[in-house]
Amino acid sequence: MLPPGTGGEHSCGAKADVLPPVVERHPGSAAGDAVVARVDALAAARALGAAEIHPRLVYLDPPFAADRDFVYSPRQVPADASAACERVAFRDRWDGGLDAYLAFMEPILNAVRDLLTEDGSLLLHCDHRASPYLAVLCDRIFGLGDRGPRPRAPGFRNELIWSYGLGGSSPRAYPKKHDTILWYSRGSQWFFEPPRVPATSMRMRGQLKKAPDVLAIASINNMAAERTGYPTQKPLALLDLLVRAHSEPGDLVADLFCGSGTTGVAAARCDRRVWVSDQGADAVAVARERLLDLDVGVTMRSATTSASSWPIRRAGDRWHVAQIDDMPLESLAIGAWHDGCLDVSARWSTASAGDSSTAVDAPIQPADGALEIHGTVAGFSVRDAAGRAARGPLPP
Ligand SMILES: C[S@@+](CC[C@H](N)C(=O)[O-])C[C@H]1O[C@@H](n2cnc3c(N)ncnc32)[C@H](O)[C@@H]1O
(Lines give C-alpha, C1' and ligand atoms only; values in the text may rest on other atoms or scores of the structure.)
Protein backbone atom coordinates (compact mmCIF):
# COMPACT_ATOMS: atom_id res chain seq x y z
CA MET A 1 0.00 0.00 0.00
CA LEU A 2 1.06 3.57 -0.54
CA PRO A 3 1.83 5.74 2.47
CA PRO A 4 -1.15 7.53 4.06
CA GLY A 5 -2.45 10.26 1.84
CA THR A 6 -1.72 8.67 -1.50
CA GLY A 7 -4.76 6.47 -1.72
CA GLY A 8 -7.25 8.55 0.24
CA GLU A 9 -10.92 7.69 0.35
CA HIS A 10 -13.61 10.01 -0.88
CA SER A 11 -17.30 10.04 -0.58
CA CYS A 12 -19.46 12.14 -2.84
CA GLY A 13 -18.58 15.75 -2.10
CA ALA A 14 -15.88 14.73 0.38
CA LYS A 15 -12.82 16.75 1.28
CA ALA A 16 -9.87 17.03 -1.05
CA ASP A 17 -6.72 14.96 -0.59
CA VAL A 18 -3.20 15.30 -1.98
CA LEU A 19 -4.66 15.76 -5.40
CA PRO A 20 -8.41 15.84 -5.40
CA PRO A 21 -10.17 13.62 -6.12
CA VAL A 22 -9.73 9.88 -6.34
CA VAL A 23 -11.67 9.25 -9.49
CA GLU A 24 -11.18 5.59 -10.07
CA ARG A 25 -10.25 2.57 -8.15
CA HIS A 26 -10.05 -1.01 -9.28
CA PRO A 27 -9.89 -4.10 -7.16
CA GLY A 28 -6.53 -5.29 -8.36
CA SER A 29 -3.95 -7.18 -6.35
CA ALA A 30 -4.02 -4.43 -3.73
CA ALA A 31 -5.91 -1.23 -4.35
CA GLY A 32 -3.68 1.80 -4.24
CA ASP A 33 -0.53 0.01 -5.46
CA ALA A 34 -0.28 2.50 -8.26
CA VAL A 35 -1.44 6.08 -8.59
CA VAL A 36 -1.96 7.57 -12.03
CA ALA A 37 -2.50 11.30 -11.82
CA ARG A 38 -3.32 13.85 -14.44
CA VAL A 39 -1.45 16.86 -13.23
CA ASP A 40 1.36 19.23 -14.14
CA ALA A 41 4.79 17.97 -13.04
CA LEU A 42 5.53 20.86 -10.69
CA ALA A 43 2.12 20.61 -9.02
CA ALA A 44 2.67 16.85 -8.64
CA ALA A 45 6.08 17.31 -7.03
CA ARG A 46 4.70 19.91 -4.65
CA ALA A 47 1.64 17.82 -3.81
CA LEU A 48 3.80 14.80 -3.00
CA GLY A 49 6.10 16.98 -0.91
CA ALA A 50 3.18 18.51 0.99
CA ALA A 51 1.88 15.02 1.76
CA GLU A 52 5.36 13.91 2.85
CA ILE A 53 5.48 11.16 0.29
CA HIS A 54 9.09 10.39 -0.55
CA PRO A 55 10.05 8.28 -3.58
CA ARG A 56 13.41 6.57 -3.55
CA LEU A 57 13.64 6.97 -7.29
CA VAL A 58 12.27 9.73 -9.48
CA TYR A 59 12.74 9.16 -13.19
CA LEU A 60 11.95 12.16 -15.38
CA ASP A 61 11.63 12.01 -19.14
CA PRO A 62 10.40 15.53 -19.87
CA PRO A 63 10.04 17.16 -23.28
CA PHE A 64 13.54 17.59 -24.74
CA ALA A 65 13.16 21.15 -26.07
CA ALA A 66 12.77 19.62 -29.52
CA ASP A 67 10.64 22.46 -30.95
CA ARG A 68 7.97 20.19 -32.40
CA ASP A 69 4.68 18.46 -31.65
CA PHE A 70 4.43 14.74 -30.87
CA VAL A 71 1.57 12.74 -32.30
CA TYR A 72 -0.21 9.83 -30.66
CA SER A 73 -1.44 7.07 -32.99
CA PRO A 74 -3.49 4.67 -30.83
CA ARG A 75 -2.82 1.04 -31.66
CA GLN A 76 -6.35 -0.04 -30.76
CA VAL A 77 -8.53 1.89 -33.12
CA PRO A 78 -12.22 1.02 -33.39
CA ALA A 79 -13.33 -0.17 -36.83
CA ASP A 80 -15.68 2.78 -37.24
CA ALA A 81 -13.10 5.33 -36.18
CA SER A 82 -12.11 8.14 -38.44
CA ALA A 83 -8.56 9.24 -39.05
CA ALA A 84 -9.11 11.73 -36.24
CA CYS A 85 -7.79 9.10 -33.83
CA GLU A 86 -4.32 10.40 -34.57
CA ARG A 87 -3.72 13.55 -32.59
CA VAL A 88 -1.11 15.68 -30.87
CA ALA A 89 -0.22 14.11 -27.53
CA PHE A 90 2.01 16.90 -26.36
CA ARG A 91 3.78 19.98 -27.60
CA ASP A 92 7.47 20.51 -27.10
CA ARG A 93 7.72 24.15 -28.15
CA TRP A 94 9.07 26.95 -26.03
CA ASP A 95 8.40 30.64 -26.57
CA GLY A 96 11.71 32.03 -25.42
CA GLY A 97 13.71 28.97 -26.51
CA LEU A 98 16.13 27.18 -24.24
CA ASP A 99 15.90 29.83 -21.52
CA ALA A 100 12.16 29.29 -21.24
CA TYR A 101 12.67 25.52 -21.18
CA LEU A 102 15.25 25.72 -18.39
CA ALA A 103 13.03 28.12 -16.44
CA PHE A 104 10.30 25.45 -16.68
CA MET A 105 12.61 22.66 -15.52
CA GLU A 106 14.37 24.45 -12.67
CA PRO A 107 11.53 24.57 -10.10
CA ILE A 108 10.61 20.97 -10.93
CA LEU A 109 14.17 19.80 -10.30
CA ASN A 110 14.28 21.77 -7.05
CA ALA A 111 11.01 20.24 -5.87
CA VAL A 112 12.16 16.74 -6.85
CA ARG A 113 15.38 17.09 -4.87
CA ASP A 114 13.38 17.95 -1.75
CA LEU A 115 11.03 15.05 -2.43
CA LEU A 116 13.52 12.20 -2.59
CA THR A 117 14.40 9.96 0.33
CA GLU A 118 17.78 10.81 1.89
CA ASP A 119 19.36 8.01 -0.14
CA GLY A 120 17.15 8.54 -3.17
CA SER A 121 18.07 9.28 -6.78
CA LEU A 122 16.93 11.36 -9.71
CA LEU A 123 17.36 9.98 -13.21
CA LEU A 124 16.85 12.75 -15.75
CA HIS A 125 16.41 11.60 -19.33
CA CYS A 126 17.39 14.16 -21.99
CA ASP A 127 19.29 14.44 -25.25
CA HIS A 128 21.89 16.60 -26.99
CA ARG A 129 19.56 19.60 -27.10
CA ALA A 130 19.42 20.31 -23.37
CA SER A 131 21.63 17.78 -21.59
CA PRO A 132 24.63 20.08 -20.89
CA TYR A 133 22.38 22.86 -19.60
CA LEU A 134 20.31 20.49 -17.48
CA ALA A 135 23.52 19.03 -16.05
CA VAL A 136 24.69 22.48 -14.97
CA LEU A 137 21.27 23.15 -13.43
CA CYS A 138 21.29 19.83 -11.59
CA ASP A 139 24.89 20.35 -10.42
CA ARG A 140 23.73 23.56 -8.78
CA ILE A 141 20.61 22.01 -7.25
CA PHE A 142 21.95 18.61 -6.19
CA GLY A 143 25.70 19.25 -5.92
CA LEU A 144 28.83 18.33 -7.86
CA GLY A 145 29.09 14.80 -6.48
CA ASP A 146 31.59 12.81 -8.51
CA ARG A 147 32.56 15.85 -10.55
CA GLY A 148 34.01 17.62 -7.50
CA PRO A 149 36.95 17.02 -5.15
CA ARG A 150 34.84 14.91 -2.73
CA PRO A 151 33.51 12.03 -4.80
CA ARG A 152 31.05 10.92 -2.11
CA ALA A 153 29.46 14.37 -1.89
CA PRO A 154 25.76 14.62 -2.80
CA GLY A 155 24.94 15.34 -6.39
CA PHE A 156 26.20 14.11 -9.74
CA ARG A 157 26.90 10.38 -9.96
CA ASN A 158 26.85 9.34 -13.59
CA GLU A 159 26.07 10.42 -17.09
CA LEU A 160 24.45 7.34 -18.59
CA ILE A 161 24.33 6.93 -22.32
CA TRP A 162 21.33 5.08 -23.68
CA SER A 163 22.58 3.80 -27.01
CA TYR A 164 19.45 2.81 -28.94
CA GLY A 165 20.76 1.90 -32.36
CA LEU A 166 17.80 2.83 -34.51
CA GLY A 167 17.50 6.22 -36.16
CA GLY A 168 18.36 8.08 -39.32
CA SER A 169 21.68 8.92 -40.87
CA SER A 170 23.02 12.28 -41.92
CA PRO A 171 25.52 13.36 -44.58
CA ARG A 172 26.35 16.45 -42.49
CA ALA A 173 27.22 14.93 -39.11
CA TYR A 174 27.48 11.69 -37.17
CA PRO A 175 23.99 10.24 -36.82
CA LYS A 176 22.59 10.72 -33.33
CA LYS A 177 21.99 7.32 -31.77
CA HIS A 178 21.89 7.99 -28.08
CA ASP A 179 20.09 9.83 -25.28
CA THR A 180 21.61 10.92 -21.99
CA ILE A 181 20.34 9.97 -18.55
CA LEU A 182 21.79 12.11 -15.75
CA TRP A 183 21.95 10.44 -12.37
CA TYR A 184 21.97 12.61 -9.23
CA SER A 185 21.79 11.41 -5.63
CA ARG A 186 20.12 13.55 -3.01
CA GLY A 187 22.58 12.60 -0.27
CA SER A 188 26.12 11.36 0.27
CA GLN A 189 24.77 7.82 0.53
CA TRP A 190 22.60 6.37 -2.13
CA PHE A 191 20.95 3.11 -2.99
CA PHE A 192 22.51 1.38 -5.98
CA GLU A 193 22.40 -2.25 -7.00
CA PRO A 194 24.70 -2.50 -10.03
CA PRO A 195 22.72 -3.93 -12.91
CA ARG A 196 24.15 -6.85 -14.81
CA VAL A 197 24.21 -7.26 -18.55
CA PRO A 198 25.56 -10.02 -20.83
CA ALA A 199 29.36 -9.86 -21.16
CA THR A 200 30.65 -9.32 -24.68
CA SER A 201 34.32 -10.35 -24.34
CA MET A 202 35.37 -13.81 -25.50
CA ARG A 203 36.77 -14.56 -22.05
CA MET A 204 33.44 -13.97 -20.25
CA ARG A 205 31.18 -15.23 -22.99
CA GLY A 206 27.81 -16.43 -21.67
CA GLN A 207 28.32 -14.69 -18.31
CA LEU A 208 26.95 -11.47 -16.85
CA LYS A 209 29.02 -8.41 -16.01
CA LYS A 210 28.27 -5.12 -14.26
CA ALA A 211 26.65 -2.73 -16.71
CA PRO A 212 28.92 0.12 -17.86
CA ASP A 213 27.61 3.68 -18.19
CA VAL A 214 26.74 3.01 -21.82
CA LEU A 215 23.52 1.01 -22.00
CA ALA A 216 22.99 -0.65 -25.36
CA ILE A 217 19.25 -1.32 -25.45
CA ALA A 218 17.26 -1.26 -28.68
CA SER A 219 14.50 1.30 -28.98
CA ILE A 220 10.98 0.00 -29.54
CA ASN A 221 10.47 -1.12 -33.11
CA ASN A 222 7.20 -0.68 -34.98
CA MET A 223 6.13 -4.29 -34.50
CA ALA A 224 7.03 -4.62 -30.81
CA ALA A 225 4.19 -5.90 -28.63
CA GLU A 226 4.92 -3.26 -26.01
CA ARG A 227 4.42 -0.38 -28.45
CA THR A 228 1.37 1.67 -27.45
CA GLY A 229 1.45 4.28 -30.18
CA TYR A 230 2.23 6.99 -27.61
CA PRO A 231 5.09 9.09 -28.96
CA THR A 232 8.53 8.93 -27.33
CA GLN A 233 7.64 5.73 -25.45
CA LYS A 234 10.76 4.26 -23.86
CA PRO A 235 11.52 0.53 -23.88
CA LEU A 236 10.57 -1.50 -20.83
CA ALA A 237 14.02 -3.12 -20.86
CA LEU A 238 15.62 0.27 -20.18
CA LEU A 239 13.25 1.21 -17.35
CA ASP A 240 13.40 -2.27 -15.91
CA LEU A 241 17.18 -2.01 -15.60
CA LEU A 242 17.01 1.49 -14.07
CA VAL A 243 14.23 0.74 -11.59
CA ARG A 244 16.00 -2.38 -10.31
CA ALA A 245 19.33 -0.56 -9.99
CA HIS A 246 17.96 2.41 -8.03
CA SER A 247 15.19 0.99 -5.84
CA GLU A 248 14.18 -2.09 -3.89
CA PRO A 249 10.87 -3.97 -3.70
CA GLY A 250 8.35 -1.95 -1.68
CA ASP A 251 10.00 1.39 -2.54
CA LEU A 252 8.00 4.16 -4.15
CA VAL A 253 9.09 4.99 -7.71
CA ALA A 254 7.74 8.18 -9.29
CA ASP A 255 7.65 9.56 -12.81
CA LEU A 256 6.15 13.04 -13.24
CA PHE A 257 6.28 13.05 -17.07
CA CYS A 258 5.05 9.50 -17.41
CA GLY A 259 3.75 9.55 -20.98
CA SER A 260 2.65 5.99 -21.73
CA GLY A 261 3.56 4.89 -18.19
CA THR A 262 6.64 2.81 -18.94
CA THR A 263 8.23 3.60 -15.58
CA GLY A 264 5.08 2.57 -13.75
CA VAL A 265 4.87 -0.70 -15.64
CA ALA A 266 8.54 -1.52 -15.01
CA ALA A 267 8.21 -0.60 -11.32
CA ALA A 268 4.97 -2.51 -10.75
CA ARG A 269 6.41 -5.60 -12.43
CA CYS A 270 9.15 -5.75 -9.82
CA ASP A 271 6.99 -4.96 -6.80
CA ARG A 272 7.69 -1.28 -6.38
CA ARG A 273 4.90 1.12 -5.52
CA VAL A 274 4.11 3.55 -8.28
CA TRP A 275 3.25 7.22 -8.71
CA VAL A 276 3.05 8.24 -12.35
CA SER A 277 1.63 11.52 -13.55
CA ASP A 278 1.39 13.56 -16.70
CA GLN A 279 -0.56 16.61 -17.76
CA GLY A 280 -1.90 14.92 -20.90
CA ALA A 281 -5.23 13.07 -21.05
CA ASP A 282 -3.93 10.51 -23.56
CA ALA A 283 -0.85 9.83 -21.47
CA VAL A 284 -2.74 9.03 -18.29
CA ALA A 285 -5.28 6.95 -20.22
CA VAL A 286 -2.52 4.82 -21.76
CA ALA A 287 -0.56 4.54 -18.50
CA ARG A 288 -3.69 3.45 -16.69
CA GLU A 289 -4.47 0.78 -19.28
CA ARG A 290 -0.96 -0.64 -19.11
CA LEU A 291 -1.03 -0.85 -15.32
CA LEU A 292 -4.46 -2.45 -15.26
CA ASP A 293 -3.19 -5.05 -17.72
CA LEU A 294 -0.74 -6.06 -15.00
CA ASP A 295 -3.64 -6.47 -12.57
CA VAL A 296 -2.28 -3.75 -10.35
CA GLY A 297 -4.68 -1.76 -8.18
CA VAL A 298 -4.86 1.67 -9.76
CA THR A 299 -6.05 4.91 -8.23
CA MET A 300 -6.72 7.68 -10.72
CA ARG A 301 -6.38 11.27 -9.62
CA SER A 302 -6.87 14.54 -11.32
CA ALA A 303 -6.13 18.08 -10.37
CA THR A 304 -8.90 19.30 -12.62
CA THR A 305 -12.07 17.66 -11.35
CA SER A 306 -13.97 17.85 -8.11
CA ALA A 307 -15.64 14.90 -6.40
CA SER A 308 -18.53 17.09 -5.37
CA SER A 309 -19.52 17.66 -8.95
CA TRP A 310 -19.66 14.32 -10.73
CA PRO A 311 -21.25 15.20 -14.05
CA ILE A 312 -23.71 12.34 -13.75
CA ARG A 313 -27.47 12.48 -13.48
CA ARG A 314 -30.21 9.92 -13.73
CA ALA A 315 -33.21 10.45 -15.95
CA GLY A 316 -35.71 7.60 -16.13
CA ASP A 317 -33.84 4.41 -16.84
CA ARG A 318 -30.73 6.07 -18.17
CA TRP A 319 -27.67 7.70 -16.74
CA HIS A 320 -26.27 10.75 -18.43
CA VAL A 321 -22.57 11.45 -18.18
CA ALA A 322 -20.88 14.57 -19.41
CA GLN A 323 -17.22 14.61 -20.22
CA ILE A 324 -15.13 17.11 -18.31
CA ASP A 325 -11.57 18.16 -18.91
CA ASP A 326 -10.79 15.21 -21.18
CA MET A 327 -11.14 12.86 -18.22
CA PRO A 328 -11.94 9.43 -19.62
CA LEU A 329 -15.66 8.79 -19.31
CA GLU A 330 -15.15 5.47 -17.69
CA SER A 331 -12.89 7.00 -15.06
CA LEU A 332 -15.66 9.41 -14.20
CA ALA A 333 -18.18 6.62 -14.07
CA ILE A 334 -16.05 4.36 -11.93
CA GLY A 335 -15.13 7.23 -9.65
CA ALA A 336 -18.77 8.13 -9.20
CA TRP A 337 -19.61 4.50 -8.58
CA HIS A 338 -16.90 4.26 -5.99
CA ASP A 339 -18.10 7.43 -4.31
CA GLY A 340 -21.64 6.18 -4.10
CA CYS A 341 -23.09 8.61 -6.62
CA LEU A 342 -23.93 5.83 -9.00
CA ASP A 343 -26.11 2.83 -8.29
CA VAL A 344 -23.73 -0.03 -7.53
CA SER A 345 -26.15 -2.59 -8.88
CA ALA A 346 -26.33 -0.85 -12.22
CA ARG A 347 -24.71 -2.50 -15.14
CA TRP A 348 -23.16 0.24 -17.11
CA SER A 349 -22.89 0.18 -20.81
CA THR A 350 -22.03 3.37 -22.63
CA ALA A 351 -22.67 3.83 -26.27
CA SER A 352 -19.74 4.91 -28.36
CA ALA A 353 -19.14 8.50 -27.39
CA GLY A 354 -18.10 9.74 -30.81
CA ASP A 355 -17.56 13.31 -29.81
CA SER A 356 -16.06 12.83 -26.39
CA SER A 357 -17.08 16.29 -25.27
CA THR A 358 -20.81 15.55 -25.43
CA ALA A 359 -23.01 13.82 -22.90
CA VAL A 360 -23.36 10.07 -23.26
CA ASP A 361 -26.40 7.92 -22.67
CA ALA A 362 -25.80 4.95 -20.44
CA PRO A 363 -28.65 2.48 -20.28
CA ILE A 364 -28.96 0.56 -17.02
CA GLN A 365 -29.18 -3.19 -17.20
CA PRO A 366 -29.67 -5.37 -14.17
CA ALA A 367 -26.57 -7.20 -13.06
CA ASP A 368 -25.15 -8.86 -9.99
CA GLY A 369 -23.36 -5.93 -8.51
CA ALA A 370 -21.01 -5.80 -11.46
CA LEU A 371 -20.04 -2.70 -13.28
CA GLU A 372 -19.21 -3.10 -16.90
CA ILE A 373 -18.13 -0.45 -19.27
CA HIS A 374 -17.79 -0.67 -22.99
CA GLY A 375 -17.11 2.66 -24.46
CA THR A 376 -14.87 5.06 -26.17
CA VAL A 377 -12.23 6.88 -24.24
CA ALA A 378 -10.69 9.87 -25.89
CA GLY A 379 -11.35 8.43 -29.31
CA PHE A 380 -10.34 4.80 -28.93
CA SER A 381 -12.18 1.84 -27.69
CA VAL A 382 -11.77 0.44 -24.21
CA ARG A 383 -12.40 -2.96 -22.81
CA ASP A 384 -12.35 -2.70 -19.11
CA ALA A 385 -13.81 -3.24 -15.71
CA ALA A 386 -15.91 -6.28 -16.54
CA GLY A 387 -13.29 -8.85 -15.61
CA ARG A 388 -12.11 -6.80 -12.71
CA ALA A 389 -15.56 -6.15 -11.34
CA ALA A 390 -16.32 -9.85 -11.52
CA ARG A 391 -13.55 -10.47 -9.04
CA GLY A 392 -15.50 -8.76 -6.30
CA PRO A 393 -16.74 -5.44 -5.05
CA LEU A 394 -14.49 -2.46 -4.67
CA PRO A 395 -12.78 -2.26 -1.30
CA PRO A 396 -14.74 -0.24 1.29
C1 LIG B 1 9.06 12.34 -23.50
S2 LIG B 1 7.40 12.11 -23.01
C3 LIG B 1 7.48 10.82 -21.79
C4 LIG B 1 7.49 9.45 -22.41
C5 LIG B 1 7.50 8.32 -21.39
N6 LIG B 1 8.77 8.20 -20.72
C7 LIG B 1 7.14 6.98 -22.01
O8 LIG B 1 7.89 6.00 -21.89
O9 LIG B 1 6.08 6.91 -22.65
C10 LIG B 1 7.13 13.58 -22.09
C11 LIG B 1 5.77 13.68 -21.42
O12 LIG B 1 5.75 14.87 -20.64
C13 LIG B 1 4.41 15.34 -20.59
N14 LIG B 1 4.44 16.74 -20.16
C15 LIG B 1 4.83 17.83 -20.84
N16 LIG B 1 4.75 18.93 -20.06
C17 LIG B 1 4.32 18.50 -18.84
C18 LIG B 1 4.05 19.16 -17.61
N19 LIG B 1 4.21 20.48 -17.46
N20 LIG B 1 3.63 18.41 -16.58
C21 LIG B 1 3.44 17.07 -16.70
N22 LIG B 1 3.66 16.41 -17.86
C23 LIG B 1 4.10 17.12 -18.91
C24 LIG B 1 3.89 15.12 -21.98
O25 LIG B 1 2.47 15.05 -21.98
C26 LIG B 1 4.56 13.79 -22.34
O27 LIG B 1 3.70 12.71 -22.10
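**Helix packing around α5**

Leu236, Leu239, Asp240 and Val243 of helix α4 meet Thr262, Thr263, Val265, Ala266 and Ala267 of helix α5. By residue type, this contact divides into 6 nonpolar, 2 polar and 1 charged. That meeting of two helices is a good place to begin a walk through this structure, which is a predicted model. The axes of α4 and α5 lie 9 Å apart and pack at an angle of about 55°. An angle of that size is neither under 35 degrees nor within 65 to 115, and α4 and α5 are therefore oblique to each other. The crossing of this pair is right-handed.

It helps to step back for a moment and look at the whole protein. The chain is built with 8 helices and 20 strands. Of its 396 residues, 44% are buried. Contacts in the protein can also be sorted by how far apart the partners sit in sequence. Among contacts between residues at least 6 apart, 68% join residues at least 24 apart.

Helix α5 spans residues 262-269 and has a second helical partner, α6, at residues 281-293. Here the axes come within 9 Å and cross at roughly 15°. Because angles under 35 degrees count as roughly parallel, α5 and α6 are described as roughly parallel to each other. As α5 passes α6, the crossing is right-handed. The contact brings Gly264, Val265 and Ala268 of α5 together with Ala287, Arg290 and Leu291 of α6. These residues divide into 4 nonpolar, 1 polar and 1 charged. Val265 is worth a second look, as this residue meets α4 and also takes part in the contact with α6.

How much of α5 is buried? Of the 8 residues in this helix, 7 are buried, so α5 is largely enclosed by the rest of the structure. The buried residues are Thr262, Thr263, Gly264, Val265, Ala266, Ala267 and Ala268. The cover over them includes helices α4 (236-246) and α6. Strands contribute as well, among them β2 (34-38), β3 (57-60), β12 (252-255) and β13 (273-278). Just after the helix, Asp271 takes a positive phi of about 65°.

Thr262 also links this helix to the ligand. Which residues come nearest to the ligand, out of the 18 around it? They are Phe90, Phe257, Gly259, Ser260 and Thr262. Thr262 is thus named in three settings: the ligand surroundings, the contact of α5 with α4 and the buried part of α5. Taken together, the shell around the ligand divides into 7 nonpolar, 7 polar and 4 charged residues.

Another helix pair can be followed elsewhere in the chain. Helix α1 (residues 41-50) and helix α2 (residues 97-115) pack at an angle of about 25°, their axes being 9 Å apart. That angle makes α1 roughly parallel to α2. The crossing of α1 past α2 is left-handed, whereas α5 passes α6 in a right-handed crossing. On the α1 side, the contact is made by Ala41, Leu42, Ala45, Arg46, Leu48 and Gly49. The α2 side supplies Pro107, Ile108, Ala111, Val112, Asp114 and Leu115. By type, the residues of this contact divide into 9 nonpolar, 1 polar and 2 charged.

Note on methods. Residues numbered from 1 in each chain as written. Predicted model: local features only at pLDDT ≥ 70, side-chain atom pairs only at ≥ 80, totals over all residues. Near = placed C-beta within 6 Å. Nonpolar A, V, L, I, M, F, W, Y, C, P; charged D, E, K, R; others polar. Axes fitted to C-alpha atoms, helices over the stretch in contact; angles between N-to-C directions. Helix = DSSP H or I, 4+ residues; strand = E, 2+ residues; numbered from the N terminus. Parallel < 35°, antiparallel > 145°, perpendicular 65-115°, else oblique. Left-handed = near helix turned anticlockwise from the far one by under 90°. Contact = placed C-beta atoms within 7 Å. Buried ≥ 20, exposed ≤ 12 C-beta atoms within 10 Å, placed from the backbone.
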